[in-house]
Amino acid sequence: MSNYWTKRRLSRRTVLRGSALSGVSLLGAALIGCGGDDDSPSGGTSTATGGGSGVVTTGTPAPSADANVKRGGEVILAGGDLQRLDFQATISTPTQNASSLVYSRLVRYDPYTGANDYGIIPDLAESWEVESDRITFHLKQGVKWPNVDPVNGREFVASDVQYSYERVATDGPEWVHAYKMDPISSIEAPDDYTVVMNLSRPSAGLLSDLASGQGMGLVPRELVEADGDLDTRWIGTGPFMLDRWEQGNRIRFVRNPDYHEDGYPYVDAIEWRFITDSSTNLANFIAGQLSYYALPSLEALRQVQSSTDAMVQTFANLGGTHKMFNVREDGPNPALADVRVRQAIDYALNRQDILDFVLGGDGNIAGPVMPVGYGDWSLSPDEIAELHPENLDEARALITAAGADGLTIEHDYGNTSAFSEDEAPIMQQQLARVGIRLELLPRERTVYLQAQVDGNFSFQGIGMGGYPDPDNFLYPVFHSTGSKNYGGVDDPELDARIEEQQGILEHEERVEFIKNLDRDWKDYLYRIYTVYPNTHQAWSSQIVNPFQPKGWDWRGLQAVAFK
Amino acid sequence: MASSVEPTTPRVMAQGLTSASKASTARRALRLARRKPLGAVGLGLLAILCFVAAFAPLLAPHDPYESISGARLLSPSFEHPMGTDNLGRDLLSRIIHGARISLLIGVFAGALGTVGGLVVGVVSGYAGGWVDSAIQRVVDSMMAFPGLILALTLVATLGPNLRNVMIAIAVGSIPGTSRVIRGAVFSVKEEDYVSAARALGAPGWRVAVFHIIPNVMAPVLILASVAFGTAIIAEASLSFLGLGAQPPTPSWGVMLSGPSRRFMTDAPWMAVFPGLAISLVIFGINIFGDALRDVLDPRLRG
Amino acid sequence: MQIYVARRVLNIIPTLVGLSLIVFLMMRVIPGDATDVILQESPTAVRKDELRAELGLDRPLHEQYVLWISGVVQGDFGTSFWTNRPVLDGIQRTFPVTVELAAFASIVALIVALPVGILSAVKQDTLWDYLGRSISIAALSVPNFYLGTLVIVIPAVLWKWVPPVTYRPIWEDPLANLQQFWLPSLVIGASASATLMRMTRSALLEVMRQDYIRTARAKGLAFQTVVMRHALKNSLIPVVTIFGALVAGLLTGTVITESIFNLPGLGRLTIDAIGQRDYPQIQANVLLFGLVYTIANLMVDLSYAVLNPRIRYG
């Protein structure tokens with residue numbers, strides 16, 4: 001089995017360079033190698049057809065449009081309210097999630113692999129070739145925009161892709177996804193079904209970015225020209241159409257009868273209800289009002305397991321709360337610019353205790369930049385524990401060596417972060433053991449955001465979600481020109497390493513590079529990572545074809561049905 | 001001006017107070033307690049609150065801030081009579097220390113608000129004329145501002161911590177309090193002893209301090225007792241919205257909001273006990289205030 | 001009478017102008033602004049200043065105020081910073097919810113409070129009185145949100161039942177609407193009825209001790225007639241006052257209940273807008289609250305004058 005598998009992968013690799021191959025979920029059974037439960041094309045698989053991305057998938061085989069599946073019904077989910085509808089001009093996660101139902105992309109993530117496996121499969125691009133200076137996409141033919149004004153059922157063509165991404169790249173403070181287009185110097189449409197993106201530099205993560213539901217939906221020019229923006233109407237080639245958005249209440253989608261993938265979607269409608277209160281959410285799921293719910297805690301999981309027969313799944317969350325240092329020499333606490341002080345803090349923490357108290361043991365210990373469970377990219381939990389142990393003597397020695405005895409550090413965080421609220425007092429106790437006084441400063445969220453961007457903090461708790469590509473964890477945050485480098489990191493050596501990994505298109509090589517960077521993270525420590533929570537999600541037992549939402553992509557709802 | 005809520009005339013209340021002070025205090029108190037058993041109960045509850053608050057460090061079995069290893073989310077037991085919270089802290093100890101904070105909030109925020117209202121009300125009522133009109137304009141506008149939202153805005157401006165919460169609550173209650181006091185001042189202003197003092201040439205502020213204020217003490221006391229309770233609930237509400245005292249401070253409001261709601265189904269004691277504590281204290285304050293009102297307003301006496 | 005009414009109505013204007021100034025200034029004093037929130041977690045957050053200029057937040061304060069107020073007078077309340085849609089959209093969507101909640105809660109309060117209050121007064125100092133007073137004080141003492149949380153979570157765990165969480169306007173789907181509203185109405189109505197009950201009781205007690213009531217009883221009129229016809233009518237004044245204050249308070253104070261029961265009302269919109277520093281939305285909402293409050297007061301004063309012709313304020 002493994003021979004067959006390895007052979008296949010090798011041959012793919014020689015043909016395609018720069019395939020944005022992301023990791024394989026640790027929780028899926030097989031790593032690179034056997035498994036035997038995936039690529040066999042039974043009833044439609046999740047591997048790419050035609051030339052593809054060399055995706056490696058494990059997990060359940062994907063469903064195909066099956067005539068025996070019962071059609072109809074409404075899927076109901078809970079989530080936050082959208083800020084505005086124009087997903088290219090906002091960061092709002094609910095907006096991005098919603099856009100993935102109505103708008104197609106060039107490529108998308110495979111929803112039937114593990115939660116942290118960002119394997120790429122085709123969407124409107126049937127195949128593509130990745131080279132170091134350009135990516136060429138071959139589009140599916142015969143896809144039509146809906147038969148409404150102003151598109152009137154015309155065919156989707158290459159110039160639509162051009163237009164969409166040029167709009168994403170608009171220069172202005174609100175165009176928050178423009179930076180993803182940075183590696184692209186120009187987009188050409190040599191014919192109606194071919195798109196060529198010329199790159200200014202090789203980018204291992206670009207394909208992954210294009211697959212994400214974040215701002216990458218393909219839009220028709222006529223709509224934007226008619227309305228001025230995407231805030232009023234939504235017209236896309238996706239499986240659903242926007243029915244209505246009742247702010248503060250819900251957003252509702254109905255089936256797109258002209259969807260280009262025959263047979264899909266099965267359900268008549270999707271509804272996202274904006275329920276902000278977690279105990280209300282839980283109560284609603286238990287009472288059978290929601291089809292899916294991402295459970296906020298182990299206790300909620302137990303409650304669901306004891307009260308319902310829902311299908312529950314647990315996996316490592318790639319998102320968590322990092323502790324960010326302001327390392328500017330002229331910052332509020334210059335002592336933190338000394339790496340020894342930061343190392344001391346790292347040594348003084350007992351991550352197991354934090355895990356036990358704050359999360360009830362429901363999560364993983366962290367330390368290096370890449371979280372546990374991030375496919376190939378992660379170091380093993382044992383190695384992480386070895387690299388970031390608790391060592392009070394070492395901590396004290398480092399503090400003295402740095403001349404920082406009796407140090408006081410202000411730890412601020414947004415007061416809506418339940419995690420920080422719980423973790424901060426524990427850290428306070430732990431750091432006190434080595435003579436560091438941690439002052440806790442919960443801030444109103446908006447004030448906290450302001451302080452973050454303006455650099456008015458010393459040691460701040462900052463939440464960050466999971467991203468499909470390791471570069472997302474590195475470049476924007478730690479590169480001296482990174483757009484989210486709030487801590488003022490200016491480390492030429494780290495800059496060089498980050499730039500280097502961006503250009504490594506060969507997967508194995510890149511994995512090793514990233515891991516070595518992680519092993520050396522103790523020398524940088526611009527952010528400290530303590531623990532990451534697990535995520536639990538529950539699907540109602542009435543649901544057929546549950547999938548894994550990931551990367552702001554909820555397209556899997558097209559194949560969901562009711563028993 | 002008819003927009004104030006005044007169920008009894010302060011003038012009459014003032015008379016009741018002065019005549020009552022002639023009897024022996026202790027005997028009077030005992031008589032009252034027997035006649036108004038509910039009021040006595042209320043006072044008792046408040047006395048317990050004060051006692052617990054005063055001796056909190058001695059009474060609490062554990063450190064309210066200490067996370068005890070392996071003690072996460074324990075249900076009530078002999079070791080932890082009220083259970084533990086999600087960070088392994090003993091709930092009973094937190095409740096006991098929380099009494100301090102509640103007492104602090106009730107007294108300071110309540111007192112601050114009442115004193116502020118007293119000053120504004122006396123100045124406005126006594127000065128009359130355009131000063132009164134001007135102040136009332138501002139008071140009108142402030143009263144039209146929804147209370148919770150006003151407090152929220154103040155806390156957002158100053159920063160969410162206990163001290164600012166007390167300031168915000170106090171400021172929020174000043175307009176309403178000043179209205180009632182102003183009405184009382186109007187009545188007292190016309191009394192003979194006031195005219196006499198002025199005829200004797202006493203300057204305005206002397207009259208205000210030595211003659212007006214003592215004679216509006218009845219409504220002031222009632223307002224103060226109400227303010228005490230309102231302040232405690234206001235703090236709990238603000239904490240619920242995330243803008244009150246901040247964790248890990250063991251204020252009952254904080255304990256009632258955040259984590260207790262997250263763990264509601266798993267560890268209901270986290271919310272039950274703080275909620276019970278707040279409810280008991282407010283209950284005590286309310287029935288005590290009721291009795292106080294009955295006593296100070298002789299028209300309602302039997 | 002007409003002059004009095006006219007004067008009171010005109011008085012609303014300076015009150016609202018004062019309110020507009022207060023809210024305008026207060027908002028700008030709070031640290032942080034809309035750009036911090038709109039661009040949160042965005043890579044373009046460092047370009048806040050550009051967005052600030054787009055939103056007009058870099059202009060001098062008096063200019064911003066004049067711009068806003070002149071729009072208001074013409075009926076244009078501006079565009080929300082957050083949603084990019086007219087501010088009135090938000091109000092149109094949320095105000096009916098709050099009104100409905102306040103209305104139902106008021107009805108609950110009336111239905112419960114009046115009979116209990118009357119009974120308590122008539123049977124003063126008996127067991128019924130103590131019981132009534134204790135229960136109503138207990139209802140007052142339990143924090144709203146505590147009660148609300150209990151009321152949602154306990155049935156969910158025990159009986160797998162939750163109140164519906166999606167709002168349907170009452171004119172669209174009355175049944176679904178009532179199914180959502182009855183529980184929060186009860187929760188708020190409980191504490192409102194407690195206040196009203198106590199006021200009813202004390203007002204009735206006060207009136208019943210009046211000389212003319214004693215006279216009527218001495219004349220031998222049935223107790224029932226005495227209470228119903230004479231005492232009640234005259235005790236209405238303070239009850240009306242407090243009811244007016246209650247309604248005004250309900251309309252402006254439903255924030256927390258709206259959060260717990262997921263009602264998309266004006267209170268919640270305002271709290272969210274404050275967090276988002278959405279100045280146009282906040283300012284418009286507060287003005288509306290102020291208008292509601294002052295109109296409620298006006299109605300109370302007018303009913304004062306109607307109920308007791310002896311009360312006239314020149």
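**A tour of strand 13, the A–C interface and helix 11**

Begin by selecting A:Lys323, whose bridge partner in strand 17 of chain A is A:Gly461; here helices (H or I, at least four residues) and strands (E, at least two) are DSSP runs, numbered from the N terminus. The model on screen is predicted, so to speak of local features requires pLDDT of at least 70 and side-chain atom pairs count only at pLDDT 80 or more, while totals for chains, interfaces and linings use all residues. Residues are numbered from 1 along each chain as its sequence is written, chains are lettered from A in the order in which they are written, and side-chain values use heavy atoms, with hydrogens and water left out.

Next, extend the selection to strand 13 (residues 320-325) and strand 17 (residues 459-464) of chain A, which pair in the antiparallel sense over six bridges, where pairing requires that DSSP finds at least two bridges between two strands. Adding strand 18 (residues 527-528) of chain A shows a second antiparallel partner of strand 13, joined to strand 13 by two bridges, and in strand 18 it is A:Ile528 that stands opposite A:Lys323. Six of the six residues of strand 13 are buried, a term that means under 20% relative accessible area, with exposed over 50% and partly exposed in between (1.4 Å probe, protein chains only).

Now display chains A and C together, and select the 47 residues of chain A and the 42 residues of chain C that make the contact (heavy atoms within 4.5 Å). The two chains bury about 3,800 Å² between them, 51% of it on carbon and sulfur atoms, this area being the accessible area (1.4 Å probe) that two parts lose on being put together, summed over both. Within the area that chain A buries against chain C, A:Gln83, A:Pro173 and A:Gln247 supply 18%, more than any other three residues.

Chains A and C share three salt bridges (a side-chain nitrogen of Lys or Arg within 4 Å of a carboxyl oxygen of Asp or Glu), and the side chains of A:Glu444 and C:Arg277 meet in a salt bridge at 2.6 Å, N to O. Selecting helix 13 of chain A then shows the element that gives the most to the side of chain A that touches chain C, with seven residues.

Finally, move to chain B and select helix 11 (residues 217-240), whose 24 residues should span 34 Å at 1.5 Å a residue, which agrees with its end C-alpha atoms being 34 Å apart; the expected span is 1.5 Å times one less than the number of residues. Of the 24 residues of helix 11, 17 are buried, and the helix is followed by B:Gly242, whose phi is positive, near 90 degrees.
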